[in-house]
Amino acid sequence: MTDAAAVRSLTKELLAAHPPATTDRTDFLKARFDAGLAWVHYPVGLGGLGAPRSLQAVVDAELAAAGAPDNDPRRIGIGLGMAAPTILRFGTDEQKQRLLRPLWVGEEVWCQLFSEPGAGSDLAALGTRAVRDGDTWVVDGQKVWTSSAHVARWAILIARTDPTLPKHQGITYFVCDMTDPGVEVRPLRQITGEAEFNEVFLTGVRIPDSRRLGAVGEGWKVAQTTLMNERVSIGGSRIPREGGMIGPVARTWRERPGLRTHDLHQRLLDLWVEAEVARLAGERLRQQLVAGQPGPEGSGMKLAFARLNQEISGLEVELRGEEGLLYDDWTMRRPELVDFTGRDAGYRYLRSKGNSIEGGTSEVLLNIVAERVLGLPSEPRSDKDIAWKDLAR
Ligand SMILES: Cc1cc2nc3c(=O)[nH]c(=O)nc-3n(C[C@H](O)[C@H](O)[C@H](O)COP(=O)(O)OP(=O)(O)OC[C@H]3O[C@@H](n4cnc5c(N)ncnc54)[C@H](O)[C@@H]3O)c2cc1C
């Protein structure tokens, strides 16, 4: 049986065989994956030990104490948080063997080709077509808001394979090689001045059938696994007390007493308490995750995260007065990752606007919570039995 003692002993063996101080970073990460210490709840041979997820904290603490490198999870968030759980659940053995190791190590970055100009909240309305041609699928269409497409090797892609079926039924899920001919990535500049996301044009892209995830026509079901995990990975990451957005505001408050007013004090206290409640709720959500796939609770968590980030970053800008409006760099940058830490208040304020849109808008998440957590009546869905090709567009 794998328990904390067994996991600790395996971690010590890894450290002895590959001392972090003298081992190349990537070699260390590969060795960690092969030792089953990457994500202990994954199966043996795929970076895990088939052990309870809660034991990951034991491994992480031992490795951090020994100064071992990590796989920079923020840089590869879409791969770790969304593609990997979907591949694990729906992939073939061959797909799992080929894709999961370089994904976890960070050698191959992933992006998500879901949203389209006419299909965001109503994702099932998507129009990108995949037409079968022998052992391959020929894909044509346009995707949009694709974070990290400019650095990605692989994409998770959903496309319409049968337009004669109602919109949720004729969709199939693929893994798309972003280096294949016919894939064109163009930057989209955001309110922050940066272009962390893109529009992606797919023209006659040939995807082998061996890179289909799940059955033909079952893509909507497969995508639900991705989307549920996406909400947890956006809103539910582990942070220490006063981590996240509340940290810089609280620091400014302590260091700059001249900026304080009674009203700002009250608002800061309210937001500090809310941030702490959200952090502890996130801990609880992670404990639930130990028992299986995330459910609609992840939507509630992501809702709270978006609202708090926007209110806290707004307070920070107010607190700093004119200085809060300064912004370090308006030139077009193409960052590899989104990182609030080390950036100025203006960046945090502007970037957090996207939090209530990415990974499902707050309005749509409220609908999910209303229907699936509170049991309220569902929205009228008049188009669910009509063939996609006959829908008004
Ligand atoms: C920073 C960022 C990164 C992103 N990264 C990716 C990515 O990597 N890959 C990807 O595929 N997509 C990505 N997206 C896209 C994101 O998932 C979509 O923007 C989002 O799902 C909303 O879709 P939309 O933009 O088409 O807006 P729409 O769906 O057109 O919504 C417009 C407005 O109508 C409201 N609305 C729509 N339907 C309802 C309803 N039923 N009830 C109540 N209100 C409703 C919405 O809440 C919103 O306010 C990203 C977005 C952002 C902002």
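Me: Where in the chain is Asn71 found, between which helices?
Reply: In this predicted model, the neighbouring elements are two helices, H3 covering 56-65 and H4 covering 77-90. The place of Asn71 is in the loop between helix H3 and helix H4.

Me: Is Asn71 buried or exposed?
Reply: The relative accessible area of Asn71 is 7%, and the word buried applies under 20%. Because 7% falls under that cut-off, Asn71 counts as buried.

Me: Which backbone oxygen does the side chain of Asn71 reach?
Reply: Asn71, a residue of the loop between H3 and H4, has a side chain that makes a polar contact at 2.9 Å. The partner in that contact is the backbone oxygen of Trp104.

Me: Which residues come nearest to the ligand?
Reply: There are 18 residues around the ligand, and a polar backbone atom of one of them, Ser115, is 2.7 Å from an oxygen atom of the ligand. Those that come nearest are Ser115, Ser121, Trp145, Thr361 and Glu363.

Me: How far from a nitrogen atom of the ligand does a polar side-chain atom of Ser147 lie?
Reply: Ser147 is found in the loop between strand E3 (136-144) and strand E4 (154-160), where its relative accessible area of 25% makes it partly exposed. From that loop, a polar side-chain atom of Ser147 lies from a nitrogen atom of the ligand at 2.8 Å.

Me: What share of the ligand's accessible area does the protein cover?
Reply: Polar side-chain contacts to a ligand nitrogen atom include one from Glu379, at 3.3 Å. On its own the ligand has 980 Å² of accessible area, of which the protein covers 69%.

Me: What separation do the C-alpha atoms of Ser147 and Glu336 have?
Reply: Along the chain, Ser147 and Glu336 are 189 residues apart. In space, however, their C-alpha atoms are separated by 9.0 Å.

Me: Which residue follows helix H9, and has a positive phi?
Reply: Helix H9 has 24 residues, 297-320, and reaches 35 Å from its first C-alpha to its last, which is close to the 34 Å expected at 1.5 Å a residue. After H9 comes a residue whose phi is positive, near 60 degrees, and this residue is Gly321.

Me: Which residues make the nonpolar surface patch of about 290 Å²?
Reply: One member is Val373, whose place is in helix H11 (residues 362-373). Val373 counts as partly exposed because its relative accessibility is 48%. The patch is made by Val373, Leu374 and Leu376.

Note on methods
Residues numbered from 1 in each chain as written. Predicted model: local features only at pLDDT ≥ 70, side-chain atom pairs only at ≥ 80, totals over all residues. Heavy atoms only, no water. Patch = residues over 30% accessible without salt bridge, like charges linked within 9 Å, V, L, I, M, F, W, Y side chains within 5 Å. Areas by Shrake-Rupley, 256 points an atom, 1.4 Å probe, with all protein chains shown as cover. Salt bridge = Lys/Arg side-chain N within 4 Å of Asp/Glu carboxyl O. Helix = DSSP H or I, 4+ residues; strand = E, 2+ residues; numbered from the N terminus. Buried < 20%, exposed > 50% of the residue type's maximum accessible area, 1.4 Å probe, protein only. Expected span 1.5 Å × (residues − 1). Near = heavy atom within 4 Å. Polar contact = N/O pair within 3.5 Å; in protein donor to acceptor, adjacent residues only side chain to side chain.
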